[in-house]
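Trainee: Could you take me through the aromatic pairs in this structure, please? I would like a close look at how the rings sit and what surrounds them.

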Amino acid sequence: VKKMENVIRKLIQEEMNKDSLQASENSQSSSQSSTSQNSSQGTSQDSSQGTSQDSSRTKKKHKTEGRLTNLLNKIRRQSANDTDEEVKTKGIQIKWKRFFPDLLQDKIVRADSGGGLRLIEVPYKVPYLFKDLLHAATLKYFNKNSLNSFGEAPHQCILLMEMADGDVIDSEEDLWQFIRVNGLVISKTTFIFHTKINSDVLFDTTCVVCQQSDYMTPFGTCMFCEQGYQLPNILIGPALPANPTEQPALPANSDRPALPDNSAVQLALPANPARPALPANPAEQPALPANSDRPALPDNSAVQPVLPDNPAVQPVLPDNPPVQPVLPDNPPVQPVLPDNPPVQPVLPGDSVEPLVSLRAEINRGRVLDDMMRLFRHTLIGEDTEITFAYINYRGEVEPGEGIGVTRDVYTSFWIELADGFCIGENMRVPSVRHDFFEDHWSIVGKILVKGYRDTKYFPTYLATAFINYCLFNNVSRQCMFQSFDQYLSESDRETIKLALSPNAEDEFFSSDDFLDFLDIFKCRSRVNKSNVNRIIFEIAQQELIQRPHIMASAFSRRFAILKHLQEFSSPENVEAMIYEKTRPTSKKLIALLIYNCKDDVDREIIGFLKRFLKGLDTTQIKKFVKFLSGADIILFEKIEVSLVDQGSDFARRPISHTCGPLLEIANSYNNFMELRSDFTQVLQPSDWPMDIV
């Protein structure tokens, strides 16, 4: 600061000396010119003298402005030099890019998923290698357990330029030299922290149908049998086999595992599969046994199968055949295949032989994505036993497991789907999206059926008319109007109520409220009292049936296995046993309470709980039921309430055991306000950690 003041003082003094010198020169020249002037030329001389004085002032003004401009530039340069000496670090901008298996491409990770733009402070004008910047970026996006927000460990990390077409930067290169050589501006330069996919960890690229590992495409299908699916190991733990004693062993000289002797697997093979030729090396192919009655392969066969030493099943492939497996002489199980077997349709997510059990870990931050990936890529059947566990926002696996966690996973999936993929208010229907197609909705239908069979959970926010259409292909007029009434917002519901009332006046149909309602649904008809009922019914059909017809078609194929159940046998049973029975209300919850009061204090606390339940609205009741059981609908026959001693008031809080459900309440509440305050704080989050085994 003192150096700057001295510079300014010196420069101002120089400018003042220049101004005084210029003023003295101007005064001397003006006095000499005045003595030599003739008095007879008064008028003309005065005008010329005035003109010369104006021009001299203008020149003086321009010179002064130029000197002041130079002065300011000198001050700025001096200030910049001093500032550069004081700054010790510079901020380098970093973005994180990773591979998304569900999209099969690399993308920048957004801030709400743990990514976003990060700033790394780097020593300025000091040798700093890119490998040090790479290490600093790793610390920014990975926690202390070396896991990112997706639960992944760093495998192969590289640095890229954001606008350099993916050119990799040498980790041994100096950062500041790189910026200087390429003429980059620090504030406008962003580096990409790219974490490569670890294929050994993320995917097991073995086809689950033909057991080949060299013909898998990036989209999960097998070029060898044209129907296989990849098994991702990112979410799935080890699955238990159906018959552990019948695990096939790999033959010594075979690339494919032999099928077990008692195999009950029926392969649905296409009629003319486009099978790539296997690497043929006839000299190394084992010969068939001497006493084998199987036909020999043709001489000019393009396909040379690799046969194990003692195979249980030996496929024989002619020149251009449909694939016909040749069975052993006396097999325990004889699969019967027709001459031209029809191609059995395989729905997305279906499998030839489902898994018996598996363990799936679901991230709380992306339940929908993980569930869609799980049911699309794994062999989950109707009887597959799935054990769910949550991964919290810190990347740690929560210890809680059981039916409560399973209900919570399915409920969270449907809540997330309702907000992002459905339209409506109290009741909703699936909405058309550019990134969600029929195969995706088929997976959603599979999740719905599996969730209902395992936990009896059904998303009751789906409109009754839509579900009845999926099940029975028919919807009554009364059901259509009731579903459409709950589909609309509160204000539109009042508008329709007035329009359908017998006392509606003709002026109402030209009011702004009613015209806005018609404009929302793009209705261009002229509505009056005589046709309003018909037009509103047509709008309801359009919104509840016609627009989501693709989703209804996908759901209908999945719902076929539910029709034999009593609750899905008729529209009346669907309304009574699926919607009305499970809809939570304060009256139902109070009736389900079971408690054992030892004294008047316990009875008073139970009274506080009942009073709290009576004061909850619809949204709060659903949150209370989800906190209690994991699901936001009533799937239990009773609510056990236990009054316990939780120690001090600081540790006092409601605790729920979702598998029961069991609700633990402290026995130290002095009044209703204390209990209401504790429950209100507990119910504020949208989810709760499952930390009780």
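Mentor: Happy to; here is a walk through the aromatic rings, followed by a helix contact. Please keep in mind that this is a predicted model. The structure holds 28 aromatic pairs, and two of them are worth following in detail.

Let's begin with F458 and F568. Their ring centres are 5.8 Å apart and their planes meet at 50°. An angle between 30 and 60 degrees counts as neither stacked nor edge-to-face, so this pair is tilted. Now look at where the two residues come from. F458 belongs to the loop between helix 8 (438-455) and helix 9 (464-472), while F568 belongs to the loop between helix 14 (549-558) and helix 15 (571-580). The pair therefore ties together parts that are 110 residues apart in sequence. As for exposure, F458 has a relative accessible area of 2% and is buried. F568 is buried too, with a relative accessibility of 1%.

The second pair is F484 with F521. Here the ring centres are 5.9 Å apart and the planes are at 55°, so this pair is tilted as well. F484 sits in helix 10 (residues 477-487), whereas F521 lies in the loop between helix 12 (512-520) and helix 13 (532-546). Those positions are 37 residues apart, and the pair links distant parts of the chain. Burial is counted as under 20% relative accessible area, so F484, at 2%, is buried, and F521, at 7%, is buried.

If you zoom out from F484 and F521, you will find both in one aromatic cluster, together with Y487, F508, F509, F514 and F517.

Rings can also have a charge for company. The charged end of R364 sits over the ring of Y390, 3.8 Å from the ring centre. In another such arrangement, R611 lies over the face of F672, 4.4 Å from the centre of that ring.

Finally, let's return to helix 13 and its packing with helix 11 (residues 490-500). The axes of these two helices are 10 Å apart, at an angle of about 145°, and their crossing is left-handed. Helix 11 brings I496, A499 and L500 to the contact, and helix 13 brings V532, N533 and I536. Sorted by class, the contact has five nonpolar residues, one polar residue and no charged ones.

Definitions and conventions:
Residues numbered from 1 in each chain as written. Predicted model: local features only at pLDDT ≥ 70, side-chain atom pairs only at ≥ 80, totals over all residues. Heavy atoms only, no water. Phe/Tyr/Trp six-rings, centres within 6.5 Å; stacked < 30°, edge-to-face > 60°. Helix = DSSP H or I, 4+ residues; strand = E, 2+ residues; numbered from the N terminus. Buried < 20%, exposed > 50% of the residue type's maximum accessible area, 1.4 Å probe, protein only. Lys NZ or Arg CZ within 6 Å of the ring centre and 35° of its normal. Axes fitted to C-alpha atoms, helices over the stretch in contact; angles between N-to-C directions. Left-handed = near helix turned anticlockwise from the far one by under 90°. Contact = heavy atoms within 4.5 Å. Nonpolar A, V, L, I, M, F, W, Y, C, P; charged D, E, K, R; others polar.
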